[in-house]
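Subject: Structure for your review

Dear colleague,

Please find below the structure that I am handing over to you. A description of what was found in it follows.

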Amino acid sequence: MAALRSPVGALRFAFRQPVSRLASQRPASAFYSTTVDSSNAESVHITAASSSATGVPSGDSEPFTVQLDANSFKAYKTDIPSLEIETSKNQLLHLYAEMVKMRRMEMAADQLYKQKLIRGFCHLAIGQEAVAVGMEAGMKPSDKLITAYRCHPFTVQRGGTIKSVIAELFGREAGISKGKGGSMHMFTPTFFGGNGIVGAQVPVGAGLAFAQKYLGTQDAVFAMYGDGASNQGQVFEAFNMAKLWDLPCVFVCENNKYGMGTSAERSSMNTQYYTRGDVIPGIQVNAMDVLAVQKATKHASEFTLAGNGPLLMEHVTYRYGGHSLSDPGTTYRTRDEIQSMRSSSDPIQGLKSKILEWGVVDEASLKKIDKEAKEEVDQAVEEAKQSPEPDAKELWTDIYYKGTEPDWMRGRTLDEIHRFR
Ligand SMILES: Cc1ncc(C[n+]2csc(CCOP(=O)(O)OP(=O)(O)O)c2C)c(N)n1
Ligand SMILES: [Mg+2]
């Protein structure tokens, strides 16, 4: 406590304290007793294995109802989505197969990076598979989505192929951006990237939502960002515009508990991110359960398209690996923490246990799905390796919308000039 005697010492002491502890040291005045004090509220349970189903039919495509865990959702200024979700054996197997494929693809990227076949930045979403797969299952195919750099599974879910993602990581012609973008720059007609600047995609997402309203598409936009991005000014500016104009925008905070090596508690005055939209309602989701993500996403799309304006959706999840491939991910959190998330909350293991419990298929059938996923990814990697590097003339394509190019452009040096016409 000696350090507290000097102002600098007091400051250092303050920075070492978890935010929740500092908040509890505040004077108990009316100033702090707001009606919505969510900063100390408990989050949803992040478990993938506590939903239940009875009367599972024998037919593979016959619908049946799953009751989600009672603590799957929390809500702010709105109601939680219904805890019942209709599914089928085929649908559950599809969700399982997609999550396994996404994990295999990311594991392949990890290996290929370590073999130096992938260079540059590479951020993987191992542990967060239920977010991309569950969102795709809950969105309309024509709804739009935009995210940050942790974008490989979204690219595949929104219409890309595993080969096109791996080839993009290699910088090859068969890549989804013709090898010119790399890890953070992948797109499909309904997926607007893949963005490297933290938070910058959030106002772009609000702009996309404005376009949907202006064009009358009846499509919702999901604008994703991380817990680390959540404190940026531009995020709140986007919230303001979206609410002012009641845009069909769902702002989605993918809370994986860390922004690089900084825990959410150290960076955010309120870690209940779904409550941070002021007058914009919010829903917090157990995003280790793919069915809860699917349910909440469908609910969110319908909510905003019914003319209710924007919604905040917080997916509580966890990344198993480091922030990127240059971070081992174990200096700012314990190995025990990672291990305990893997063993108690893994989205793939959770769905697997439900599939077996509900008699959807037996363990051998799931092993076959696992094997097929590995083979599909291995083949995609081999095919991507065969793809050539893009031709140098591709440096001048996809810069401007066709027909809007200037007469000429400067290249890497003053004398390198390309004439468009
Ligand atoms: C404007 C800007 N500042 C800093 C960085 C460096 N940076 C890259 S990712 C990141 C942390 C973001 O964390 P979060 O939003 O929680 O997303 P996550 O990586 O957890 O998916 C930072 C600071 C950047 N890319 N852009
Ligand atoms: Mg984060």
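At which residues does UniProt place the feature "domain: Dehydrogenase E1 component"? The record, an unreviewed entry, puts this feature at residues 98-392. Please keep in mind that the model is predicted. Over residues 98-392, helix accounts for 47% of the chain and strand for 11%. The end C-alpha atoms of that stretch lie 35 Å apart.

The ligand

Around ligand 1 there are 13 residues. Those that come nearest are Val198, Gly226, Gly228, Ala229 and Gly259. Sorted by class, the shell around ligand 1 holds six polar, five nonpolar and two charged residues.

Three pairs of packed helices

Two packed helices are described by the angle between their axes and by the distance between those axes. Each pair below is presented in that way.

The first pair to consider is helix α3, residues 89-114, with helix α4, residues 129-138. Their axes are 9 Å apart, and the packing angle is about 140 degrees. An angle over 145 degrees would count as roughly antiparallel; α3 and α4 are therefore oblique to each other. Their crossing is right-handed. On the α3 side, the contact involves Leu95, Glu98, Met99, Met102 and Arg103. These meet Glu129, Ala130, Ala132, Val133 and Ala137 in α4. The residues of this contact comprise seven nonpolar and three charged, with no polar ones.

Helix α4 also packs against helix α10, residues 290-308. Here the axes come within 7 Å and cross at roughly 45 degrees, which makes α4 oblique to α10. This crossing, too, is right-handed. From α4, the residues in contact are Ala130, Val131, Val133, Gly134, Met135, Ala137 and Gly138. Their partners in α10 are Val290, Val293, Gln294, Lys295, Ala296, Thr297, Lys298 and Ser301. By class, the contact of α4 with α10 has eight nonpolar, five polar and two charged residues. Ala130, Val133 and Ala137 of α4 thus appear in the contact with α3 and also in the contact with α10.

The remaining pair is helix α6, residues 162-170, and helix α13, residues 363-386. Their axes come within 8 Å, crossing at roughly 45 degrees, and the two helices are therefore oblique to each other. α6 passes α13 in a right-handed crossing. Helix α6 contributes Ile162, Lys163, Ile166, Ala167 and Phe170 to the contact. Helix α13 contributes Glu376, Val377, Ala380, Val381, Glu383 and Ala384. Eight of the residues in this contact are nonpolar and three are charged, while none is polar.

Yours sincerely,

A colleague

Conventions. Residues numbered from 1 in each chain as written. Chains lettered and ligands numbered in written order. Predicted model: local features only at pLDDT ≥ 70, side-chain atom pairs only at ≥ 80, totals over all residues. Near = placed C-beta within 6 Å. Nonpolar A, V, L, I, M, F, W, Y, C, P; charged D, E, K, R; others polar. Axes fitted to C-alpha atoms, helices over the stretch in contact; angles between N-to-C directions. Helix = DSSP H or I, 4+ residues; strand = E, 2+ residues; numbered from the N terminus. Parallel < 35°, antiparallel > 145°, perpendicular 65-115°, else oblique. Left-handed = near helix turned anticlockwise from the far one by under 90°. Contact = placed C-beta atoms within 7 Å. UniProt positions renumbered as here; feature names shortened; annotations may be inferred.
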